[in-house]
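Visitor: I would like a close look at one part of this protein, the place where two helices pack against each other. Please also explain how that part sits in the rest of the chain.

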Amino acid sequence: MSPLDHLEAALAELDEAGRLRAPVSLPPDALVLCSNDYLGYAERPLETSAPAGSGASRLISGDHPHHRAAEQALAGWVGAEDALLFTSGYAANVGLMSSLAARGDLVISDALNHASIIDGCRLSRAEVAVVPHRDVDAIASKLAGSVHRRRWVVTESYFSMDGQSPDLRSLREVCDAHGAGLIVDEAHALGVFGRGGRGLCAEAGVRADVLVGTLGKSLGLQGAFVAGPAVLRRWLWNRARSFVFSTGPSPVISAAVPDRVTTLIEDEARRARLHDASDALRAGLRARGANVPTDNHGPVVPWILGGETEAVEMSRALLARGLFVQAIRPPTVPPGTARLRFTLNAALLDTASNETLDSQPQETSFIDAVLERIDAAELRPRSNEGAACSELAPTPPR
Ligand SMILES: Cc1ncc(COP(=O)(O)O)c(C=O)c1O
């Protein structure tokens, strides 16, 4: 009898519900259509003589000049006064939310915000109001009724499982009208949207009080940053527990950041190609009757199916045709909205990578070839009427 015996039964229950996760071993020629490496930078090796590790928290002895250079490059890119690196986006949001908001404050959080935002809100001990997805009126009414010491509105600018965006200008107006701080997680928007990949706040001309970005998505590295005024950086340095009590980021990665930012800013052609291909994929899936959420844009193209088992079966059928599109299930998405979340990677659109589809005639475009494989997989959704996530009421926190 071991104290861990109950885990087998709990895992069997997850399996029964179609929610069990396990690593997938992919055939070497599989096309991965579900990563967040939107620009295809992740496979580029790093040439650096920077030390591998920081050796300690940055507050102890782990602070390194490469960290600071990375922060300055990132702050300059997004137009913020300063930035602080974290070892992941999860650590950034947990550290930020739990140190910025406090008991006596109100945090208004979109129902589809990422788990790291949710966990940070919980740790803050502030009152948390979860509002329906992208519902500015609901936010305004929560703010109007608030007698809290401080008010915060937190949202993603590009929801990573839905490929939808909030109306950032309206959010800014509502926050200004009620003296609330606007916190925007641009994890999936930086590098993808806006001139120089500066994200959706920049594209909309909206100033976020606090902006969160990650290095593990379009920058193809690992880690994250929180950008804002210099005083915020000093506060997080002192109070964000996921920063204070954690070894500093690898200088190898930090050393790569300034060049990656420069490359990414200049890569407008690659960004444009990514958007064109995503539009073609979205249109192709919709033409096949796929339930793609309204207002879906950019490189995240989810096909909402509803049932977990159905999503897993369809993912397997695609893999048999050489396409890897992971099934996304609760708790990552609300119950009843399991899905295939397609994402494109600009490197796949390069001629060299297209050779992986060499059974297709030369002139067939990459997306046409992908759609042909989807047709060949003969996917059979049981119902295409699964609730689009944007139509869901607030869900219990993930
Ligand atoms: C909106 C958002 N924020 C934060 C994170 C966490 O980032 P990381 O993978 O660097 O921990 C994610 C992860 O996908 C995300 O989607």
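Guide: What follows starts with the helix pair and then moves outward to the rest of the chain.

The model is predicted. The two helices are α5, residues 136-144, and α6, residues 168-178. Two packed helices are described by the angle between their axes and the distance between the axes. For α5 and α6 the angle is about 10 degrees, and the axes are 10 Å apart. Angles under 35 degrees count as roughly parallel, and that makes α5 roughly parallel to α6.

Next come the residues that meet. From α5 these are V136, I139, A140, L143 and A144. Their partners in α6 are S170, L171, V174 and H178. Sorted by class, the contact of α5 with α6 has seven nonpolar residues and two polar ones. Charged residues are absent from this contact.

Now the setting. The chain is divided into two domains. Domain 2 covers residues 65-266, while domain 1 is made of two segments, 25-42 and 268-391. The C-alpha centres of domain 1 and domain 2 lie 27 Å apart. Where the domains touch, 23 residues come from domain 1 and 20 residues from domain 2. On the domain 1 side, the elements that give two or more residues are α11 (268-287) and β9 (300-306). Of the elements on that side, β9 gives the most, with three residues. By class, this side of domain 1 has 13 nonpolar, six polar and four charged residues.

There is also a ligand to place. Around the ligand there are 14 residues, and those that come nearest are S88, G89, Y90, H114 and A187. Helix α3, residues 89-100, gives the most to this shell, with three residues. The shell has nine polar, three nonpolar and two charged residues.

Two details of the backbone can be found in loops. R125 lies in the loop between α4 (115-124) and β4 (127-131). Although R125 is not a glycine, its phi is positive, at about 70 degrees. The other detail is at P331, in the loop between β11 (327-328) and β12 (338-343). The peptide bond from P330 to P331 is cis, with omega near 10 degrees.

Last, the chain as a whole. Its secondary structure comes to 14 helices and 12 strands. The radius of gyration of the chain is 21 Å, close to the 21 Å that the globule rule gives for 398 residues, so the chain is as compact as a globular protein of that length. Along its principal axes, the C-alpha trace spans about 60 × 55 × 50 Å.

Key
Residues numbered from 1 in each chain as written. Predicted model: local features only at pLDDT ≥ 70, side-chain atom pairs only at ≥ 80, totals over all residues. Near = placed C-beta within 6 Å. Helix = DSSP H or I, 4+ residues; strand = E, 2+ residues; numbered from the N terminus. Nonpolar A, V, L, I, M, F, W, Y, C, P; charged D, E, K, R; others polar. Axes fitted to C-alpha atoms, helices over the stretch in contact; angles between N-to-C directions. Parallel < 35°, antiparallel > 145°, perpendicular 65-115°, else oblique. Contact = placed C-beta atoms within 7 Å. Domains from an automatic or database assignment. Rg over C-alpha atoms; globule rule 2.2 N^0.38 Å.
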